[in-house]
Amino acid sequence: MADAPTTLRRHWRRVDSAADGLTLDLGLYAVSAVFAAITAATSTLLPHRAWGGIAAVGYLVAAVAVGVQLLLRRRTPPSRLVGLPARWAVTGFAWASTALLPLLWQSIERATGRTDRAQEEVLVVEQAGNRLLEHGTPYLGPDAIAALPPGEQLLGYTPYQPGMAMFGLPRALVDTWWTDARVWFAVGTALALALAVAALRAAPTTARRAQPATSADTAHRRNAALLRGVQAATVLPICALTLATGGDDLPVLALCLLALALAAADRPGRAGLAVGLAGALKLFAWPVALVLIVWGLTRRAGTRVAAGAIGLPVAALIPALLVDHDALTENVLRFPLGHGLVTSPAQSPFPGYLIASGLPAGRLIAAALLVAAGLAIAVRLARRPPRTAVATALICGYGLLVAIALMPTTRFGYLLYPLALLTWAPALHREPDAATVPMPGELSGRTTSA
């Protein structure tokens, strides 16, 4: 068993580097094209069907482009059309055609009167922005929600942190296609990811003090790992679909990835601010913030991390708490815990949901398992605190994966968090020795400067 992580890491490295990464690129785009086509043909959600019809073409074109690159590589390996810059270009095209284009298309159709071109969370965020502008809080109190018609009570809830309402403010000011909340989700996501890439590319490594050939090889591996991480956060269907049809999770995820990139660049204060911004949007970022604070403590920077990681979410909560504390409690605590006036529709058949719905006292059992998993992670953090950004990302990824599996109320879409975090981890590595680069599956981070 001790050799299992090493074996998994070796297999992953072999698959990821086959044909300089082009083989896995081809598989990603081809499988995604099939997924999008099936979604277009079979999904019961109309925004998803609309996404699939456009995204399938985008993924197919990207797959063909990679196929051409593979052919060129066999004939002229040094060609610029098969290197990392070309792979970045194809990734950019894939994101534009499978996430941004469907998003804009649906936003425009919605502005012209189509009512089936956005998921409910888009409407919820935009209503929260309107309430924030008019009443100073994005939340309706329990009495106001109870007064709504039964079919509208679910949309009366805003199960997000107060900062999420900021994405709904443009719609509250101007009713047009570019004020659709998804457009601003995409802007926030793109900005956070661009800053994350810039932070990792600017971060120094010991390889820069080594021989030029070694330094160039290390830089290439880092950039290849970074590209793979960006693909996981953008063109992976679970992310592209989410951004085009709902989108509220993507800026949260991107800010978490930015925080980890800043941690790898040894910027603990800025890492705390980034994850704090994410925490001011959604609770999913709070576990990431906790693990980052523990990482900061190992570097005598816990206070700097915590100032932003805790300070920003608390600052966002205070105005809503002062305006209407009961409304805040109803939306942020009671509803997610299943004690609201209506039940959340997030009921994907993960183990936690199946236990909660199929066994006597199932909700208590599922809750106990979730608490036990949390305690196990807490013990892990206490006994072996993460000393690197790599270990931090892996603990967050595996921890969220377990939490999503055991939560009584959850969605398949939430898997975008652990998938992206685990794929992001190799890009955070600062050690020039390729043999030590961790891959998904290894909970260790041996680096000297992360």
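Here are some questions and answers about this predicted model. Residues are numbered from 1 along each chain as its sequence is written, and side-chain values use heavy atoms, with hydrogens and water left out. Since the model is predicted, local features need pLDDT of at least 70 and side-chain atom pairs count only at pLDDT 80 or more, while totals for chains, interfaces and linings use all residues.

Q: Is Arg 182 buried or exposed?
A: Arg 182 sits in helix H8 (residues 181-202); helices here are DSSP runs of H or I, at least four residues, numbered from the N terminus. Buried means under 20% relative accessible area, exposed over 50%, and partly exposed in between, with a 1.4 Å probe and protein chains only. Arg 182 has a relative accessible area of 0%, so it's buried.

Q: Which residue's side chain makes a polar contact of 3.4 Å with that of Arg 182?
A: Leaving out residues up to four places away in sequence, Arg 182 touches a list including Leu 103, Gln 106, Arg 110 and Arg 117, where contact means heavy atoms within 4.5 Å. A polar contact is a pair of N or O atoms within 3.5 Å; within protein, one must be able to donate a hydrogen and the other to accept it, and residues adjacent in sequence count only if both atoms are side-chain atoms. The side chain joined to Arg 182 at 3.4 Å is that of Gln 106.

Q: Where is the kink in H3 centred?
A: Helix H3 covers residues 46-75, and its end C-alpha atoms are 44 Å apart, in agreement with the expected 44 Å; that expected span is 1.5 Å times one less than the number of residues. The bend at a residue is the angle between axes fitted to the seven residues ending there and the seven starting there. H3 has a kink of about 30°, centred on Ile 54.

Q: How many disulfides does a search of the whole structure find?
A: A disulfide is a pair of cysteine sulfur atoms within 2.5 Å. For Cys 239, buried at 1% relative accessibility, the nearest cysteine sulfur is that of Cys 256, 12 Å away. Cys 256, buried at 2%, has its closest cysteine sulfur in Cys 396 at 7.7 Å, too far for a bond. The search of the whole structure comes back with zero.

Q: Which helix gives the largest share of the largest nonpolar core?
A: A nonpolar core is a set of buried Ala, Val, Leu, Ile, Met, Phe, Trp, Tyr and Cys residues joined through side-chain atoms within 4.5 Å. The largest one has 98 residues, and Tyr 29, Leu 253, Leu 292, Trp 424 and Leu 428 touch the most other members. The largest share, 14 residues, comes from helix H11.

Q: What covers the buried residues of H13?
A: H13 (residues 285-298) has its end C-alpha atoms 20 Å apart, matching the expected 20 Å. Its buried residues include Val 288, Leu 292 and Trp 295, and Leu 292 touches, among others, Ala 259, Leu 260 and Val 305. The cover includes H11, H12, H14, H17 and H18.

Q: Which residue with a positive phi follows H13?
A: Look just past the end of H13 for a phi near 55°. The residue is Arg 300.

Q: Is Asp 20 buried or partly exposed?
A: Asp 20 lies in the loop between H1 and H2, and so does Ala 19. Ala 19 has a positive phi of about 55° although it isn't a glycine, and Asp 20 likewise has a positive phi of about 55°. Ala 19 is buried at 18%, whereas Asp 20, at 44% relative accessibility, counts as partly exposed.

Q: Why is H19 largely enclosed by the rest of the structure?
A: H19 runs over residues 416-424. Among its buried residues are Leu 416, Tyr 417, Pro 418 and Trp 424. The helix is largely enclosed because the buried count is eight of the nine residues.

Note on methods. Helices (H or I, at least four residues) and strands (E, at least two) are DSSP runs, numbered from the N terminus.
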